[in-house]
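Me: I have a model open and would like to go through the terms used to describe it. Could you take me through them one by one?

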Amino acid sequence: MVQDGLDNYDRKILKVLQNDGRVSYTDLGKQVGLTTTPCIERVRKLERHGYIQGYSAKLNAKKLDAGLVVFVQISLNRSSKQTFEQFRNAIQMLEPVQECYLVTGSFDFLVKARVKDMRAYRDFLEEELLAVPGVSDSTSIAAMETVKETLAVKL
C-alpha cells in the first residue's frame, strides 16, 4: 500500500467487491490485473486495515415485509447530560432502525427505519421510538419511491 493507504490495485479491488462481494479471488484478480495469490493477500490486508468491514447480502425489503422507508427527525430533551448517550444506546436495540445519525440543524438525530406499512410505522413510532429515553419531539417523512439506494463509497 502506498503512503496515503491505497494504491490503484487496492482501489480496483474495493470497487469490484462493492459491486460483487461474492466474486471469486480468481475472477477478482482477473478484473484488477493481478494473479490470485497477490489478490488474496491484498484483500486480507484491506480487511486487517479496516477498509473492508464485512460482507453481506442485499435483501429485497418488499418481499420481507419491510417495504416502507420512513425518515424520522428526532429532538431530545436536553435536561440531562446522559440524554444523548441513553438515546444512542436505546436506538441500537430497535430492529426497524437501519441508520441513525447525530446531525446539525433544528433537530438532533435523523433515523432511517424500514417497516411493512404505515400501520406498522405508527405502532413502531408510538410503542418504541417515542418511548426512547429523552425523546421530546419527532417529525416523520415517509418515502413514496426509492430513486437511488446504495452503500457504495466513491473510490
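**Terms and what they rest on**

Reply: Gladly! The chain's secondary structure comes to five helices and four strands. Before we go on, this is a predicted model, in which local features need pLDDT of at least 70 and side-chain atom pairs count only at pLDDT 80 or more, while totals for chains, interfaces and linings use all residues. Residues are numbered from 1 along each chain as its sequence is written, and side-chain values use heavy atoms, with hydrogens and water left out.

Me: What makes a stretch a helix or a strand, and in what order do the elements run?

Reply: Both are DSSP runs numbered from the N terminus: a helix is H or I over at least four residues, a strand is E over at least two. Starting at the N terminus, the order is α-α-α-β-α-β-β-α-β.

Me: Why is the chain called more spread out than a compact globule?

Reply: The radius of gyration, taken over C-alpha atoms, is set against a globule rule of 2.2 Å times the number of residues to the power 0.38. For 155 residues that rule gives 15 Å, and the chain has 20 Å, well over it, so the chain is more spread out than a compact globule. Along the principal axes, its C-alpha atoms fill a box of roughly 55 × 40 × 25 Å. You can also follow two pairs on screen: the C-alpha atoms of Gly5 and Lys63, 58 residues apart along the chain, are separated by 40 Å, and those of Arg78 and Lys58, 20 residues apart, by 37 Å.

Me: How do you know that Lys112 counts as buried?

Reply: Buried means under 20% relative accessible area, exposed means over 50%, and partly exposed is in between (1.4 Å probe, protein chains only). Lys112 has 11% relative accessibility, so it counts as buried. This lysine lies in strand 3. Leaving out residues up to four places away in sequence, Lys112 touches Val69, Val70, Phe71, Pro96, Val97, Gln98, Glu99 and Glu149, where contact means heavy atoms within 4.5 Å.

Me: What makes strand 3 largely enclosed?

Reply: Strand 3 spans residues 109-115, and six of its seven residues are buried, so the strand is largely enclosed by the rest of the structure. Strand 1 is mostly covered too, with seven of its nine residues buried. For the chain of 155 residues, the buried share is 31%.

Me: How do you know that strand 1 and strand 3 pair?

Reply: Two strands pair if DSSP finds at least two bridges between them. Strand 1 (residues 68-76) and strand 3 are joined by seven bridges and run antiparallel, so the condition of at least two is met. Val69 stands opposite Arg114, and Gln73 has Leu110 as its bridge partner.

Me: Which other strands pair with these two?

Reply: Strand 2 (residues 97-102) pairs with strand 3 over five bridges, in the antiparallel sense; there Glu99 has Lys112 as its bridge partner. Strand 4 (residues 135-142) pairs with strand 1 over seven bridges, also antiparallel, and Val70 has Ala142 as its partner in strand 4. In the hairpin of strand 2 and strand 3, six residues sit between the strands, and Gly105 among the hairpin residues takes a positive phi near 115 degrees.

Me: What makes the phi of Asp65 worth a look?

Reply: Most residues other than glycine have a negative phi. Asp65 has a phi near 55 degrees, a positive value in a residue other than glycine. It lies in the loop between helix 3 (36-48) and strand 1.

Me: Why is Asp65 called partly exposed, while Arg78 is called exposed?

Reply: Asp65 has a relative accessible area of 49%, so it is partly exposed. Arg78 has 59%, so it is exposed. Arg78 lies in the loop between strand 1 and helix 4 (83-91), and beyond its neighbours within four places in sequence it is in contact with Phe84 and Asp108.

Me: And why does Gly5 count as buried?

Reply: Gly5 has 11% relative accessibility, so it counts as buried. Its place is in the segment before helix 1 (8-19), and it touches Asp10 and Tyr51, not counting residues up to four places away in sequence.
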